[in-house]
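Please open the structure in your viewer and keep the selection panel at hand. The tour below proceeds one selection at a time and states what may be found at each stop.

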Amino acid sequence: MERQYLLGNEAIAHACRESGVGFVSGYPGTPSSEVIDVLRIQKDPSFHIEWSVNEKVALENALAAAWCGVRAICTMKHVGLNVAADPLMTSAYTGVTGGLVIMSADDPFAHSSQNEQDTRCYAHFSRLPCLDPAGVQEAHDMVRTAFEISEEFSLPVLFRPTTRICHSKGDVGLGTPVPNTKKGEFHKDPRQYVVIPAHTRILHKKLNEKQPALKKRLVERGLNWFSLKGKIAIIASGIGVSYVQELLPPGVSFMKIGAYPIDEEWLGEFARKHEKILVIEELAPVVEEAVRQVAGCVPVFGKINGYALYEGELSPSSVAEIMTKAGFLEKNPFAPTEPVQNLPMRPPILCAGCHHRAAFYAMKKVFGESAIYPSDIGCYTLGIQLGAVDTTICMGASITVGSGIANSGEPRDVVCTIGDSTFLHTGIQGLMNAVYNGADMTVVILDNRITAMTGHQPNPNTGVTAAGVETPPVSLDAVCRSCGVTFVETVDPYDLTGMLRVLADAKARKGVKVIIAKQMCVIVARRAGVRRGMYAINPETCTGCGTCVRFGCPAIEIADKKARITELCSGCAVCVRVCPVGAISREAKK
Amino acid sequence: MTKSYDILIVGIGGQGTILASNILGEACLSEGRHVRGAETHGMAQRGGSVETHIRIDGDFGPLIVPGTADLLLSFDLLEALRYSHYLKTGGKMVVNRQMVLPTSAFTLKTPPPTVETILAGLERFDPCLIDAEKLAAEAGSILAQNVVILGAASWSIPLQADSLISAIRKLVPQKTVDTNVSAFEKGRAFGRTC
């Protein structure tokens with residue numbers, strides 16, 4: 001067996017190929033994105049692969065492919081599953097023919113997310129099985145199992161790795177890729193695929209009837225298992241399993257939950273053999289609630305009685321602390337440590353030369369501090385550091401929040417920002433709605449031609465597909481006009497003069513105004529070989545006023561009370577206009 | 001409890017912590033050893049502070065517990081201090097002398113830290129301080145600073161230097177193999193003395 005040092009998501013992608021996957025779809029979202037990014041660069045793929053415009057679209061496409069008998073995987077981050085929840089709930093009724101795996105990657109501690117929701121709750125809600133890996137090797141192995149279970153029970157299977165698995169690495173034993181040989185074939189069966197009330201009531205009953213056998217099979221397949229060692233027991237799931245196993249004292253029973261739904265009878269029998277039980281799991285107390293329902297009078301320790309936290313991610317030291325507090329470890333083996341205090345933070349920041357910074361700067365210059373700036377999800381959320389992001393809730397919600405504020409009677413200007421990918425994801429509906437319902441607002445589409453934050457995935461605006469095939473790019477201008485917007489202007493945000501003028505025009509008008517701030521992502525431009533030269537500050541002219549450093553470009557720093565441009569400069573030249581004394585100019589060629 | 005050798009690699013997004021991790025992981029594989037690692041991906045990479053955990057001979061989770069790391073590799077002076085609490089008593093620290101001041105130091109009106117104050121904070125760890133930029137430039141590219149630091153630390157890492165060099169040859173772009181191997185050797189030569 002071949003072993004490779006792989007990222008969790010790379011191992012998952014490899015397992016898709018070992019499973020003979022025939023259809024791959026998804027929407028990028030950290031920590032899930034690399035699965036498709038790895039699959040889409042395979043040479044001569046035997047599968048269809050796409051970045052879909054959003055998760056609902058991705059899931060519906062994958063579901064239909066699975067109806068046609070092809071093995072399909074659909075990837076997204078946990079909050080993407082909210083967008084896909086509509087087809088998800090009813091896909092449990094219609095079922096599938098080819099295996100369908102829905103990978104929804106959870107993000108405990110919200111490393112790069114807006115919340116800490118738990119995909120396992122969707123599994124419970126939809127009555128779909130859910131596989132929950134504890135490590136990189138298991139994430140790989142579970143993908144193959146997930147396809148098999150999906151086909152055995154004709155149900156989509158949720159697969160829920162977390163950040164600590166998607167972005168962990170390990171030496172992984174791999175199988176051999178199997179090319180997909182299946183061609184999709186749709187068999188008409190309205191009673192299965194047309195969920196009118198008369199059909200859906202029967203389908204719901206069938207879904208419920210599958211549950212007992214499903215619960216038993218997850219145990220038989222070794223996804224849920226235990227070892228009896230003594231009178232007290234720890235039950236763990238996800239990455240918590242590895243932390244517990246590293247600390248588990250002899251004489252303590254251990255149960256691993258790797259799949260849901262849990263067989264209550266099997267769980268109850270284990271629980272009642274013990275005098276006390278500790279549950280270690282991340283996010284919602286899914287396992288703990290199941291244990292409490294069957295444990296009878298056996299005391300259970302977990303989140304519900306305050307031994308563990310609902311929020312955040314587990315770590316080896318937090319697990320040691322919980323085990324000690326609940327009396328499962330005599331002494332915490334890890335001494336407490338204190339990080340050095342008062343060091344300047346180094347948060348992520350918009351790149352040197354990022355055109356979002358220029359757009360935010362111009363917006364604030366024209367609309368001022370008092371205007372309200374709803375924003376959205378992307379690199380540009382970092383505009384919060386520039387005071388140009390007042391709200392962010394979920395994908396596409398900048399325009400809708402903006403129109404809601406504008407139509408609430410709030411008299412101040414509303415200027416919202418949204419990226420091109422996010423606009424195509426769920427922004428268009430909001431724009432149509434804002435025009436239809438008479439909002440007064442300015443929408444700035446920060447158009448960098450790519451889905452940058454998650455790793456530069458192409459979208460319909462890029463003009464290339466996930467597989468690298470050229471395709472006609474969407475015209476954002478035409479989309480906005482067809483939504484009924486009459487003021488649509490496209491500007492290069494590096495052209496600060498033009499940007500300021502167009503924003504001032506928009507400010508003077510009523511209704512919904514759209515400004516498309518269009519410029520290639522600076523990282524993509526650099527990779528494509530764009531070199532604009534560098535800029536420098538004349539120390540004789542510079543007064544050290546600090547206006548340029550407050551602009552926030554990481555290529556500008558203060559040394560000896562004068563500003564200085566470092567080698568990070570990408571040559572966007574926006575700071576030339578920002579400097580009040582004209583001290584910045586193109587560096588003479590060396 | 002565990003016999004793994006735990007290395008924390010820290011730096012700033014874009015400095016090549018992930019390549020350093022891949023070299024270590026690949027070297028482990030070639031020696032038939034287990035390895036676990038954890039990395040920072042996504043938005044946090046945009047110039048933010050990043051950390052990569054590597055547990056050589058690790059069989060369990062990928063995360064290193066603060067206060068238990070055997071080795072801390074830092075690609076930036078300030079980041080070494082930020083993560084210094086991860087090092088166990090007597091652990092080894094290999095640190096780039098270079099420091100990139102975070103933009104927050106200018107926009108937030110907190111006085112920026114000086115090299116002297118940071119060096120004073122690191123003194124009790126007896127760090128191996130290395131001018132990685134200079135050595136990398138001598139090797140052919142300042143982009144190879146990560147490999148210079150890895151070379152300097154290689155005396156402490158329980159892997160054969162040959163395994164690390166083979167991993168470098170396998171993982172870096174073909175036209176930069178010589179530069180990177182030279183960077184590793186320059187780092188290794190420097191590391192012998194500290």
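**A strand pair in chain B**

In strand E3 of chain B, B:Thr52 is the bridge partner of B:Ile9. Please bear in mind throughout that this is a predicted model.

Next, select residues 5-12 of chain B, which form strand E1, together with E3(B); the two strands pair in the antiparallel sense over eight bridges.

Now select E3(B) by itself, residues 49-56. Are its residues buried or exposed? Eight of its eight residues are buried, and the strand is thus described as mostly covered. In a regular strand the side chains alternate between the two faces of the sheet. On one side of E3(B), select B:Ser49, B:Glu51, B:His53 and B:Arg55, which are all buried. On the other side, B:Val50, B:Thr52, B:Ile54 and B:Ile56 are buried as well, and both faces are covered.

Add strand E2 of chain B, residues 35-38. E2(B) pairs with E3(B) in the antiparallel sense over four bridges. Within this pairing, B:Arg36 stands opposite B:Arg55.

**Crossing to chain A**

Keep E2(B) selected and add strand E8 of chain A, residues 168-174. Three bridges join E8(A) to E2(B), and the two strands run antiparallel. To locate the pairing, select A:Ser168, which stands opposite B:Ala38.

Then widen the selection to the whole contact between the chains: 44 residues of chain A are in contact with 48 residues of chain B. Among the elements that give two or more residues to the chain A side are strand E1 (2-7), E8, helix H11 and helix H14 (316-325) of chain A. Coloured by class, this side of chain A shows 22 nonpolar, 13 polar and nine charged residues.

**The sheet and helix H11 in chain A**

Select helix H11 of chain A, residues 240-247, which lies across E10, E11 and strand E13 (276-280) of chain A. The helix runs at about 145° to E10(A).

What is the order of the strands in the open sheet of five strands? The order is E9-E11-E10-E13-E14 in chain A, with mixed pairing. The edge strands, E9 (224-227) and E14 (300-301), each pair on one side only. Within the sheet, select E10 (residues 232-237) and E11 (residues 252-257) of chain A, which run parallel and are joined by six bridges. Here A:Ala233 stands opposite A:Ser253.

**The domains of chain A**

Finally, colour chain A by domain: domain 1 (2-220), domain 2 (224-325), domain 3 (355-527) and domain 4 (535-586). The C-alpha centres of domain 2 and domain 4 of chain A lie 56 Å apart.

Note on methods. Residues numbered from 1 in each chain as written. Chains lettered and ligands numbered in written order. Predicted model: local features only at pLDDT ≥ 70, side-chain atom pairs only at ≥ 80, totals over all residues. Pairing = 2+ DSSP bridges. Contact = placed C-beta atoms within 7 Å. Axes fitted to C-alpha atoms, helices over the stretch in contact; angles between N-to-C directions. Nonpolar A, V, L, I, M, F, W, Y, C, P; charged D, E, K, R; others polar. Domains from an automatic or database assignment. Buried ≥ 20, exposed ≤ 12 C-beta atoms within 10 Å, placed from the backbone.
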